[in-house]
Amino acid sequence: MNTANKRSVIPLIIIILLCGAACSSVQTMPALTVPETPAGDVSELGESSVLTEKQANTFRETGETISGSDETAAEVSVTPRPAGDSKQGEKPEGTGFAETPAAASSGPVILTVSGEGTKGETAWSFVQLEAMSDGYREFVYSTTNNWPSFGQMEAGGVSLPYFLQQAGIKDNAVSFKFMSTDGYYAVLTYEQIFGTRYSFANHGAFGSSGAFPVEPVIAWVWGDAGKARRENIRPFFGQSGPWEVNTASFVKDLSKIEVSTVPAGSWAAPEVSVPDTGPVSAGTELMFLHENMDSVRIYYTQDGSEPDYLSSVYNPSASYFQPQLNVPLTLTESVTVKAFAAGFGKDKSQTVTFDYIVEQ
């Protein structure tokens with residue numbers, strides 16, 4: 001082999017060796033382990049209800065859901081709350097990290113926590129978040145958006161209640177603002193973070209079932225069900241009921257949490273298009289009205305019972321997506337209508353009552 005050929009072969013050999021070393025260093029992201037679906041054969045529910053009346057009553061009273069759409073079913077199955085999970089309305093016990101220094105160690109700062117609701121501003125690197133092994137959680141979250149579309153997402157990361165305790169939040173903290181690097185933000189109340197929230201194993205517009213409790217997490221492994229992978233940090237939250245819109249609170253590229261001691265207040269109560277001051281004719285159409293219609297869902301009943309998060313929803317879609325889904329109530333007989341408005345960022349409104357006398 002002449003000298004010129006030797007000179008051309010040697011660089012090629014070096015390039016091949018370098019490529020082999022680089023390829024061998026690539027690590028495959030392990031699959032996210034998710035909670036098992038609650039036991040039981042869960043059938044699709046009817047179009048007229050989210051849960052059967054027996055399922056709804058069981059869920060209201062115990063937080064558990066009867067599997068299946070048969071109202072005579074006796075088996076109750078629910079995924080147990082993960083070990084170490086805080087009870088509704090209670091902060092988890094601290095583990096001594098509340099005095100984290102303002103400058104994060106072990107890498108660049110990716111998240112700061114500040115506000116009068118904290119003992120002082122803290123800054124956190126990804127290494128610090130990932131090191132909180134005691135607070136690590138993995139869940140499958142049922143999701144509903146403003147379209148509305150229904151789905152499920154997997155997420156793994158540090159429990160948000162656990163993390164906030166490490167960040168040194170005060171006992172009088174009541175409102176939390178989650179901010180993205182691009183300025184987008186979502187606000188949640190203390191109860192919406194520390195209270196009991198759920199994921200629905202079977203989740204759809206024509207019925208949701210298989211409720212199990214989930215904690216909110218700051219996740220760095222997340223994605224659609226079966227497609228979770230390592231990403232920038234993002235918070236995930238469960239639902240109070242299957243129609244509650246939670247996707248807007250999943251703030252991408254989370255960079256800051258502001259903690260306030262000033263209550264966010266309550267949502268205004270819904271109003272109606274037809275006053276109940278006198279008799280109305282059969283076939284009268286009744287619409288609910290609200291100053292923040294696209295930020296809340298209006299839950300109602302027509303039999304005089306108290307509405308809750310499993311009751312009928314007047315406005316399943318935002319007005320800018322599918323307004324045709326927000327259908328007026330048709331009054332065909334005398335009824336008592338009760339309703340409240342609820343959404344992330346504020347406490348739910350008071351329940352209002354309207355009594356209609358329908359002339360036949």
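Here a trainee and a mentor talk through some labels given to residues in this predicted model.

Trainee: Let's start with charges. What makes Glu215 and Arg137 a salt bridge?

Mentor: Their closest N and O atoms are 2.8 Å apart. The cut-off is 4 Å between a side-chain nitrogen of Lys or Arg and a carboxyl oxygen of Asp or Glu, so the pair qualifies. A search of the whole structure finds six salt bridges.

Trainee: And why can we say that this pair ties together separate parts of the chain?

Mentor: Glu215 lies in the loop between β10 and β11, whereas Arg137 belongs to strand β5, so the bridge joins parts that are 78 residues apart in sequence.

Trainee: Why is Glu215 called buried?

Mentor: Its relative accessible area is 4%, and buried means under 20%, so the label fits. Arg137 is buried too, at 9% relative accessibility.

Trainee: What about Glu244 and Arg197: which contact do their side chains make?

Mentor: They meet in a salt bridge, with 2.5 Å from N to O. Glu244 sits in the loop between β12 and β13 and Arg197 in strand β9, 47 residues apart. Glu244 is buried at 5%, and Arg197 is buried at 6%.

Trainee: Arg229 also bridges to Glu231, at 2.6 Å. How do you know whether Arg229 is buried or exposed?

Mentor: Arg229 has 53% relative accessibility; exposed means over 50%, so Arg229 counts as exposed. Its partner Glu231 is at 27%, which falls between the two cut-offs of 20% and 50% and is therefore partly exposed.

Trainee: Now the rings. Why is the pair of Tyr309 and Phe340 called edge-to-face?

Mentor: The angle between their planes is 80°, and over 60 degrees counts as edge-to-face. Their centres are 5.7 Å apart, within the 6.5 Å limit, so they do pair. Phe340, in strand β21, is 31 residues from Tyr309, and Phe340 is buried at 0% relative accessible area.

Trainee: How do you know that the charge of Lys177 sits close enough to count as over the ring of Tyr185?

Mentor: The charged end is 4.2 Å from the ring centre, and the distance limit is 6 Å, so that part of the test is met.

Trainee: Last one: what makes Asp253 worth a look in the backbone?

Mentor: Its phi is near 50°, a positive value in a residue other than glycine. Most residues other than glycine have a negative phi. Asp253 lies in the loop between β12 and β13.

Conventions: Residues are numbered from 1 along each chain as its sequence is written. This is a predicted model: local features need pLDDT of at least 70, side-chain atom pairs count only at pLDDT 80 or more; totals for chains, interfaces and linings use all residues. Side-chain values use heavy atoms; hydrogens and water are left out. Helices (H or I, at least four residues) and strands (E, at least two) are DSSP runs, numbered from the N terminus. Rings of Phe, Tyr and Trp (its six-membered ring) pair if their centres lie within 6.5 Å; planes under 30 degrees apart count as stacked, over 60 as edge-to-face and the rest as tilted. Buried means under 20% relative accessible area, exposed over 50%, partly exposed in between (1.4 Å probe, protein chains only). A charge sits over a ring if NZ of Lys or CZ of Arg is within 6 Å of the ring centre and within 35 degrees of the ring normal.
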